[in-house]
Amino acid sequence: MTDYTKANYVAQKGTVSPDPTRDFALTIARAAEDRKGGNILMLKVAEVSYLADYFVIVTGFSRVQVRAISQAIQEKVEQEWHRLPLRMEGQAEGSWVLQDYGEVIVHILMPKEREFYNLEAFWGHAERISLPASGRVGE
């Protein structure tokens with residue numbers, strides 16, 4: 001996580017988090033949950049990949065919903081963390097949108113794509129971060 005993001009986190013939350021990148025990923029998961037994203041999964045891939053520290057994987061049940069989840073994530077991250085994705089792919093097609101925030105990569109997939117690519121199995125050696133079953137993600 002960049003020094004700017006860490007400083008921004010402290011300024012907003014008033015505390016120093018032991019893992020601000022995890023908090024950043026939870027913000028993304030909450031935004032996906034707000035748009036009724038399904039089967040939200042957080043993987044801590046820092047120990048097994050140089051690509052990112054966390055992956056957030058979400059199912060959208062229509063192309064419109066996939067795009068809406070993507071937009072909600074972008075808006076919430078911009079509002080709370082003052083950041084935009086470094087790269088974004090798949091918005092036009094809407095079957096698999098990828099948002100790259102550097103230390104967190106977001107995959108929003110339609111059910112067929114999620115089943116076919118099976119990112120959970122591919123990154124099965126990564127640590128799964130449990131999200132609360134009831135209530136809001138991360139609370």
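Is N39 buried or exposed? In this predicted model, N39 counts as exposed, because its relative accessibility is 56% and the cut-off for that class is over 50%. The residue has its place in strand β1, and its backbone deserves a second look, since the phi of N39 is near 45°, a positive value in a residue other than glycine. Most residues other than glycine have a negative phi. A second asparagine, N118, also has a positive phi of about 45° although it is not a glycine, but N118 lies in the loop between α4 (111-117) and α5 (119-122), where a relative accessibility of 35% makes it partly exposed.

From N39 the path leads along the sheet. Strand β1, which spans residues 38-44, runs antiparallel to β2, and five bridges join the two; within this pairing, G38 stands opposite T59 of β2. Strand β2 also pairs with β5, here in the parallel sense and over six bridges, and T59 stands opposite L109 in β5. T59 of β2 thus has G38 opposite it in one pairing and L109 opposite it in another.

How many of the six residues of strand β2 are buried? Six of the six residues in β2 (residues 54-59) are buried, so the strand is largely enclosed by the rest of the structure. The cover extends to both faces of β2, with Y54, V56 and V58 buried on one side and F55, I57 and T59 buried on the other.

The charged side chains come next. Side chains of opposite charge can pair when their charged atoms come close, and a search of the whole structure finds five salt bridges. One of them is formed by the side chains of K76 and E80, with a nitrogen-to-oxygen distance of 3.5 Å, which falls inside the 4 Å limit used for such a contact. Both residues belong to helix α3 (residues 63-81), where they lie four residues apart, or about one turn of the helix. K76 counts as buried at 17% relative accessibility, whereas E80, with a relative accessible area of 21%, is partly exposed; the two values fall on either side of the 20% cut-off, and therefore the two residues carry different labels.

Another salt bridge joins E103 to R83, and in this pair the closest N and O atoms are 2.5 Å apart. E103 lies in the loop between β4 (96-100) and β5 (104-109), while R83 lies in the loop between α3 and β3 (87-89), so the pair ties together parts that are 20 residues apart in sequence. Both E103 and R83 are buried.

R87 and D100 also form a salt bridge, their closest N and O atoms being 2.9 Å apart. Because R87 lies in strand β3 and D100 in strand β4, this contact ties together parts that are 13 residues apart in sequence. D100 is buried, with a relative accessible area of 10%. Elsewhere, salt bridges that share partners join D34, K76 and E80 into one network, which places the contact between K76 and E80 within a wider set of charged side chains.

R83 also leads from the charged residues to the aromatic ones, as it lies over the face of F24 at 4.6 Å from the ring centre. F24 in turn forms one aromatic cluster with W81 and Y101. R83 is therefore a residue with two kinds of contact, a salt bridge with E103 and a position over the ring of F24.

The count of aromatic pairs in the model comes to six. In one of them, the rings of F116 and Y117 have their centres 4.9 Å apart and their planes at 90°, so the pair is edge-to-face. F116 counts as exposed at 65% relative accessibility, and Y117 is partly exposed, with a relative accessible area of 42%. F122 and W123 make a pair whose ring centres are 5.3 Å apart and whose planes stand at 80°, so this pair is edge-to-face too. Its two members differ in their surroundings, since F122 counts as exposed at 58% relative accessibility, whereas W123 is buried, with a relative accessible area of 11%.

Note on methods: Residues are numbered from 1 along each chain as its sequence is written. This is a predicted model: local features need pLDDT of at least 70, side-chain atom pairs count only at pLDDT 80 or more; totals for chains, interfaces and linings use all residues. Side-chain values use heavy atoms; hydrogens and water are left out. Buried means under 20% relative accessible area, exposed over 50%, partly exposed in between (1.4 Å probe, protein chains only). Rings of Phe, Tyr and Trp (its six-membered ring) pair if their centres lie within 6.5 Å; planes under 30 degrees apart count as stacked, over 60 as edge-to-face and the rest as tilted. A charge sits over a ring if NZ of Lys or CZ of Arg is within 6 Å of the ring centre and within 35 degrees of the ring normal. Two strands pair if DSSP finds at least two bridges between them.
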